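Biologist: Hi! I'm new to this one, could you walk me through it?
Modeller: Happy to, let's bring it up.

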Amino acid sequence: MDYLSLSGAGFTRRRVAIAGVVSPLRPVIVPSLDEETVGRHDRNHHTAWTSVRQERWEGELVVQGEIPSWLKGTYLRNGPGLWHIEDYNFRHLFDGYATLVKLHFENGRLIAGHRQIESEAYKAARKNKRICFREFSEVPKYENFMAYVGDIAKLFSGASLTDNANTGVVKLGDGRVVCLTETQKGSLVIDPDSLETLGRFEYSDSFGGLIHSAHPIVTDTEFLTLLPDLVNPGYLVVRMEPGTNERKLIGRVNCRTGPAPGWVHSFPVTEHYVVVPEMPLRYCAQNLLRAEPTPLYKFEWHPESKAFLHVMCKASGKIVASVEVPLFVTFHFINAYEEEDEDSRVTAIIADCCEHNADATILDRLRLQNLRSFNGNDDILPDARVGRFTIPLDGSPYGKLESALEPNEHGRGMDMCSINPANLGKKYRYAYACGAKRPCHFPNTLTKIDLVKKAAKNWHDEGVVPSEPFFVARPGTTEEDDGVVISLISEKNGSGYALLLDGSTFEEIARAKLPYGLPYGLHGCWVPKE
């Protein structure tokens, strides 16, 4: 059987045996390197922090182990993959131009591929050989002061903000697949098979604004997201129905204190409520205008402004609770659910997140210089835990924040979580995340969290950087952890592989070596085969 692989000098075809495969392979696309090569591969850096070798690739991988026969569909993973333009190297993990990766599973086979998302920011940078839009920490290099003033004017309209959709990817209820980042213009529709960028997802409503949560809540029946209001500090909670591009207002939350709304990279929901976090890491208009990044980039840490969680009824838009909580820093909420008493009355909301012990320096730790300079001995990853908020619904002014389990269970590292989607907004037991085996500078394990036993099971391979463990449930199962966990693994020697773990035992069931290692990626989604 043919295995197609690409290297920096071209591609080769060789015949290899793939266990359990007896029918011919479907054709694969192998683009020309002459037109697709995009960057250099610097072996002095770990593969995870090195730009992707070329713009696109697709081929079938040799599988070691066995892919479950029921696993039929495509895992898509989005993330920054190109961290330089010409000789200019980007500064922050979040700046890279988006690389979309796919793993297509069918009949025990695995077709893999990747492709750059063709945002206007990416295309302009390639054409002009320089940064042309404002990225997370990068700004265009201005020829003179008037050029800077002109760019500031375009900032207020959103025209100078990036559309580099390098954060997440979601499948809408109507089947469209959209890649996202925190700028609203950075919502791009892609083809999940070819990974082609089809165009911008144009919102047809009149909400305006420049930014939104990078992680909407997406199900087969709705799309929920938050729109921060930077002028009158607060948040709009909006819903969009499948088949439409129009967001409709559920309600508004006004900030309790502070000069601006807190960063809302993500937020949780329950069956009946939306939880709106007001974090003391707040947006900063002055930092948005700067030509050079500050230590906290677009944000400022305001501990004096305190921290709050607001609970809004999905049906009415009414705020049913607004409580002060201990200071916290989180990128990613895991899940939330409603706590009931013996009479089935909802008494509290429980909301779990990957919480960085109220330490905002995690943002600066993600500078590429820090990630690339790790020598294997320094234990510099800031501590993190599964932070559990309890929000009372009895009118109390205060909520609680505690550790849901002992942080040493997962090496005091915790981020990039997924759960069984059937338990979204409901009481749940298991979560899958990236944890830490120390010493380390970045999460380096895959971790299964048991919130009932308050224990964790960790997978670790020396020297690798795993991406978000993504859980896919076995069709028709009634067991919460009956399924597989998918992760893409970057190795320090320039290679990498796709990994499948059993969701229940957390043991490896299959892996497939990639033709070359891929940069670290962020978030993914599952597109089942119809």
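Modeller: Below we talk through a helix, two groups of strands and the cysteines.

Biologist: What should I know before I start?
Modeller: This is a predicted model, where local features need pLDDT of at least 70, side-chain atom pairs count only at pLDDT 80 or more, and totals for chains, interfaces and linings use all residues. Residues are numbered from 1 along each chain as its sequence is written, and side-chain values use heavy atoms, leaving out hydrogens and water.

Biologist: Cool. Which residues of helix H2 are buried?
Modeller: In H2 (residues 120-128), they are Ala121, Tyr122, Ala124 and Ala125. Buried means under 20% relative accessible area, with a 1.4 Å probe and protein chains only. Helices are DSSP runs of H or I with at least four residues, and strands are E runs of at least two, numbered from the N terminus.

Biologist: Why are they on the same side of H2?
Modeller: Because they cover an arc of only 165° around the axis. That arc is taken from the directions from the helix axis to the C-beta atoms.

Biologist: And what covers them?
Modeller: The cover includes strands S6 (80-82), S7 (84-85), S9 (97-106) and S10 (109-116). Contact here means heavy atoms within 4.5 Å.

Biologist: What comes just after H2?
Modeller: Lys129, which takes a positive phi of about 60°.

Biologist: Switching topic: which way do the side chains of strand S12 point?
Modeller: In S12 (residues 177-180), Val177 and Cys179 point one way and Val178 and Leu180 the other, and all are buried. In a regular strand, side chains alternate between the two faces of the sheet.

Biologist: How many bridges join S11 to S12?
Modeller: There are 4 between S11 (residues 168-171) and S12, and the strands run antiparallel. Strands pair if DSSP finds at least two bridges between them. Val169 has Cys179 as its bridge partner, and Cys179 also stands opposite Leu188 in S13. In the S11 and S12 hairpin, with 5 residues between the strands, Gly175 takes a positive phi near 100°.

Biologist: What's the strand order in the open sheet of 3 strands?
Modeller: The order is S19-S22-S23, with antiparallel pairing. S19 (273-278) and S23 (319-325) are the edge strands, each pairing on one side only. S19 and S22 (residues 307-313) share 6 bridges, and Glu278 stands opposite Phe308 in S22.

Biologist: Last one: how many disulfides are there?
Modeller: A search of the whole structure finds 0, a disulfide being a pair of cysteine sulfur atoms within 2.5 Å.

Biologist: Is Cys255 buried or exposed?
Modeller: Cys255 counts as buried, at 14% relative accessibility. Cys313 counts as buried too, at 17%.

How values were computed:
Buried < 20%, exposed > 50% of the residue type's maximum accessible area, 1.4 Å probe, protein only.
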